[in-house]
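Thanks for coming, everyone. I have one structure to walk through today. Please have it open in front of you.

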Protein chains: 2
Amino acid sequence: MRDVAIIGVGMKKFGELWEQSFRDLFVGAALEAIKDAGVDHIDSMYVGCMSSGLFVGQEHVGPLMADYLGMAPVPATRVESACASGGVAVRQGFIEVASGMSDLVLVGGVEKMTDVGGDEATYALATASDQEWEAFNGVTFPGLYAMMATAHMHKYGTTCEQLAAVAAKNHENGSRNPLAQFPMKITIADVLDSVMVADPLHILDCSPITDGAAAIILCPADLAKKLGKKAPVKIIGSGHATDTIAFHQRADLTALPAVSKSASIAYKMSGKTPKDIQLCEVHDCFTIAEIMVTEELGFVEKGKGGAAAEAGVTALGGKMPINTSGGLKSKGHPVGATGVAQMVEVTRQLRGESGERQVKGARVGMTQNMGGTGASSVVHIMEVM
Amino acid sequence: MRDVAIIGVGMKKFGELWEQSFRDLFVGAALEAIKDAGVDHIDSMYVGCMSSGLFVGQEHVGPLMADYLGMAPVPATRVESACASGGVAVRQGFIEVASGMSDLVLVGGVEKMTDVGGDEATYALATASDQEWEAFNGVTFPGLYAMMATAHMHKYGTTCEQLAAVAAKNHENGSRNPLAQFPMKITIADVLDSVMVADPLHILDCSPITDGAAAIILCPADLAKKLGKKAPVKIIGSGHATDTIAFHQRADLTALPAVSKSASIAYKMSGKTPKDIQLCEVHDCFTIAEIMVTEELGFVEKGKGGAAAEAGVTALGGKMPINTSGGLKSKGHPVGATGVAQMVEVTRQLRGESGERQVKGARVGMTQNMGGTGASSVVHIMEVM
């Protein structure tokens with residue numbers, strides 16, 4: 001397998017973008033990545049997208065985006081793994097470059113979620129759970145994560161204040177990210193005072209509904225050196241794992257085995273351990289998710305994720321900065337784009353381009369992108385070349 | 001890149017299968033392929049599926065199928081390219097094995113189309129066209145292909161009888177396939193007497209709405225030799241190309257440039273020419289599609305596809321047998337499964353296991369799977385090892 005580098009990144013401000021269509025979002029981010037890479041063509045492309053069928057009545061997303069990007073006839077493949085669609089798309093691009101099949105591969109992620117009403121969006125998102133055993137019976141994603149939070153509180157003593165600390169920390173980071181959908185700072189009290197969505201999750205524990213896209217350009221590491229346009233970043237580890245889709249078949253609601261499995265594969269491939277990672281973008285679709293994921297990735301002891309957030313361990317300037325971008329919570333969560341947006345953030349951090357939220361001296365970073373309640377997880381580890 | 005072989009195939013009878021769920025369909029075909037390969041595990045899996053969101057309210061299809069197949073935590077990735085989803089899934093599996101990332105990769109395709117009504121199915125299928133310029137304005141897939149047929153008739157003199165000859169030939173083949181949804185024989189007169197759907201396409205020019213799944217097992221060619229269970233078949237060429245998604249941006253409605261492009265890539269990779277191909281499964285979603293595709297693949301001269309079908313050139317026993325399985329027309333067209341089902345047919349033909357429809361002495365075969373009105377096309381060429 002060939003070594004693979006990231007030579008370009010692109011992302012526009014996330015938000016409720018009624019003036020831009022599904023295809024506009026993708027093309028905007030993709031053109032920025034192509035310009036950033038300084039290349040004049042691509043050989044192949046991937047699009048991570050969760051549910052364009054339900055959100056905008058459009059399937060056949062790969063060719064649509066290749067067409068509007070002016071890149072047809074290159075191969076263009078859409079991949080889907082619910083909210084991990086972007087991360088899985090990155091992995092497919094990584095495999096294609098590593099295989100020798102293609103040199104310049106564009107990987108984009110996109111979702112246009114605000115063209116439908118709230119009920120329709122809630123239904124579309126619920127299709128990431130088990131339709132027959134969960135969604136059909138009326139449970140929504142806030143409801144599912146509320147059950148995980150309750151179990152975590154019961155087993156480990158995690159508190160509402162600790163959940164809220166995650167949200168406050170991510171908004172603090174997001175206030176330094178000009179591309180964030182909700183860049184305002186919030187306090188722990190703001191979260192606790194906000195409306196309850198699914199006990200114990202308040203609305204400020206939940207990531208928002210977002211329109212957005214992000215893109216990166218991959219190529220063989222050798223070619224990246226030759227092109228020499230921007231500080232290239234190497235992908236040194238890629239892990240992908242699955243778990244039971246529904247809760248009723250899991251042994252423990254406080255564990256996310258697909259996350260630990262995908263991380264252990266990526267650690268092994270890269271030769272790194274949790275101690276080597278200097279910053280990580282994790283899948284904080286709800287505050288409890290960030291707490292559980294930081295535990296599964298090995299950054300904190302099992303059950304101590306909430307306390308770590310409260311103590312500032314995961315803040316900018318802390319021992320292990322998590323979600324310097326603002327995370328899904330403040331930056332926004334256009335589901336299919338999220339996994340690619342995480343790669344954009346870590347690449348910019350490793351290039352030293354993150355301005356007010358720069359982690360000083362960062363040379364090794366990680367992303368973790370999750371689908372559903374953890375039935376799929378993708379982890380990537382990157383290092384400055 | 002490593003050489004890649006097919007060591008197992010699985011497919012159950014296609015049809016209107018109300019007694020089986022979406023996941024049942026996939027698991028049935030996948031278990032058969034695993035048994036056929038004689039392996040006790042897989043390392044990774046792909047699922048080709050077009051629109052499970054609109055057909056059965058389920059996204060996050062990769063982990064769902066890995067879970068119900070008992071294969072979690074292996075990586076499981078769903079790929080979508082409308083009716084070419086299955087072919088694109090095969091290509092992703094091919095790239096993963098070729099790259100060295102995984103040894104045993106399951107590739108399945110599935111669609112459950114009959115749980116919704118006819119209007120909803122027509123809407124779901126229309127999302128393979130351009131939602132903003134085509135579907136939103138009311139055009140359906142029979143309407144789009146009727147425009148292609150009319151253009152082909154105008155430019156080349158293709159007749160309704162020639163279209164009907166394709167349907168009659170495919171049902172003749174399908175009558176020899178125990179897994180076909182509609183195995184009855186039909187005549188040219190039957191087609192011409194059937195109800196008009198979109199002039200000049202009668203209902204018997206159209207492939208049906210189908211539930212079904214198919215699966216194959218891929219591995220490195222070296223490993224296939226070691227396992228030695230079944231006659232392995234090597235994938236010697238893989239081509240994937242895209243085109244404008246909407247008609248209004250195409251120069252010529254009688255051409256399918258993504259088909260010729262994907263074929264030329266696969267021919268080049270394999271070192272074969274159209275004359276070397278002994279049988280081919282093509283994407284006959286409508287009879288005109290088969291005619292146009294046989295032209296683009298180089299089997300007949302441009303404009304002569306209809307005449308070739310009428311003269312029996314593409315029949316079993318003809319110079320270039322097309323759709324020995326019965327094609328989408330008679331075998332059925334569960335959209336995400338079709339590209340994988342084509343691989344199952346060609347593999348069985350190359351193994352000499354096709355009974356009454358066996359092409360004698362077949363050693364080289366091809367599949368062509370198409371999305372939308374030709375905005376995506378995937379071609380694979382296989383040879384007996």
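**Two chains and what holds their contact**

Let me start at the interface. Arg78(A) pairs with Glu80(B) in a salt bridge, with 3.1 Å between the closest N and O atoms. Keep in mind that this is a predicted model. Across the interface of chain A and chain B, the rule finds four salt bridges.

How many residues does the contact take from each chain? It takes 61 residues from chain A and 61 residues from chain B. The area buried between the two chains is about 4600 Å². Carbon and sulfur atoms give 53% of that area.

Now the symmetry. Chain A superposes on chain B by a rotation of 180°, with 0.0 Å of shift along the axis. The RMSD is 0.0 Å. The two copies are thus related as by a two-fold rotation axis. Which residue of chain A comes closest to the rotation axis? That is Ser99(A), whose C-alpha is at 1.9 Å. The same surface serves both copies, and 100% of the contact residues of chain A recur in chain B.

One residue to look at here is Ser51(B). Find it in the loop between strand 2 (44-48) and helix 2 (52-56) of chain B. Is Ser51(B) buried or exposed? Its relative accessibility is 0%, so Ser51(B) counts as buried. Leaving aside neighbours within four places in sequence, Ser51(B) is in contact with Glu59(A), Arg78(B) and Glu111(B). Note the chain letter on Glu59(A).

Next, the cores. The largest nonpolar core has 91 residues. Those with the most contacts inside this core are Met45(B), Leu106(B), Tyr145(B) and Leu297(B). Which helix gives the most to this core? Helix 1 (residues 22-37) of chain B does, with nine residues. Apart from this core lies another, of 88 residues. Among them are Phe141(A), Ala146(A), Val259(A) and Val379(A).

Zoom in on Tyr145(B). What does Tyr145(B) touch, not counting residues up to four places away in sequence? Its partners include Leu201(B), Cys285(B), Phe286(B), Ile288(B) and Ala289(B). Met370(B), Gly372(B), Thr373(B) and Gly374(B) are also touched by Tyr145(B).

Over to helix 1 of chain A, residues 22-37. At 1.5 Å a residue, its 16 residues should span 22 Å. The end C-alpha atoms are 23 Å apart, which agrees. Of the 16 residues, 12 are buried, so this helix is largely enclosed by the rest of the structure. The buried residues include Phe22(A), Leu25(A), Phe26(A) and Val27(A). Two charged names are also on that buried list, Arg23(A) and Asp36(A). Just after the helix, Gly38(A) takes a positive phi of about 70°.

Now charge pairs more broadly. Side chains of opposite charge can pair when their charged atoms come close. Over all chains, the structure holds 42 salt bridges. I will show three.

First example: Arg176(A) and Glu172(A) meet through their side chains at 3.0 Å, N to O. Arg176(A) counts as partly exposed at 28% relative accessibility. Glu172(A) is partly exposed too, at 26%.

Next example: Glu295(A) forms a salt bridge with Lys302(A), with the closest N and O atoms 3.8 Å apart. Here Glu295(A) counts as buried, at 4% relative accessibility. Lys302(A) counts as partly exposed, at 34%.

Last example: in chain B, the side chains of Lys112(B) and Asp115(B) meet at 3.3 Å, N to O. Lys112(B) has 2% relative accessibility and counts as buried. Asp115(B) has a relative accessible area of 48% and is partly exposed. There is also a network: salt bridges that share partners join Lys12(A), Glu32(A) and Arg348(A).

I will finish on a loop. Where is Ile209(A)? Look between strand 6 (201-202) and strand 7 (211-220) of chain A. At 36% relative accessibility, Ile209(A) counts as partly exposed. Neighbours within four places aside, Ile209(A) is in contact with Met113(A), Thr114(A), Ala121(A), Leu125(A) and Gln181(A). For scale, take His41(A): Ile209(A) is 168 residues from it in sequence and 33 Å from it in space, C-alpha to C-alpha.

That is my tour. Questions, please.

Note on methods:
Residues numbered from 1 in each chain as written. Chains lettered and ligands numbered in written order. Predicted model: local features only at pLDDT ≥ 70, side-chain atom pairs only at ≥ 80, totals over all residues. Heavy atoms only, no water. Core = buried A, V, L, I, M, F, W, Y, C linked by side-chain atoms within 4.5 Å. Buried < 20%, exposed > 50% of the residue type's maximum accessible area, 1.4 Å probe, protein only. Helix = DSSP H or I, 4+ residues; strand = E, 2+ residues; numbered from the N terminus. Contact = heavy atoms within 4.5 Å. Least-squares fit on C-alpha atoms with pLDDT ≥ 70 in both. Expected span 1.5 Å × (residues − 1). Buried area = accessible area lost by both parts, 1.4 Å probe.
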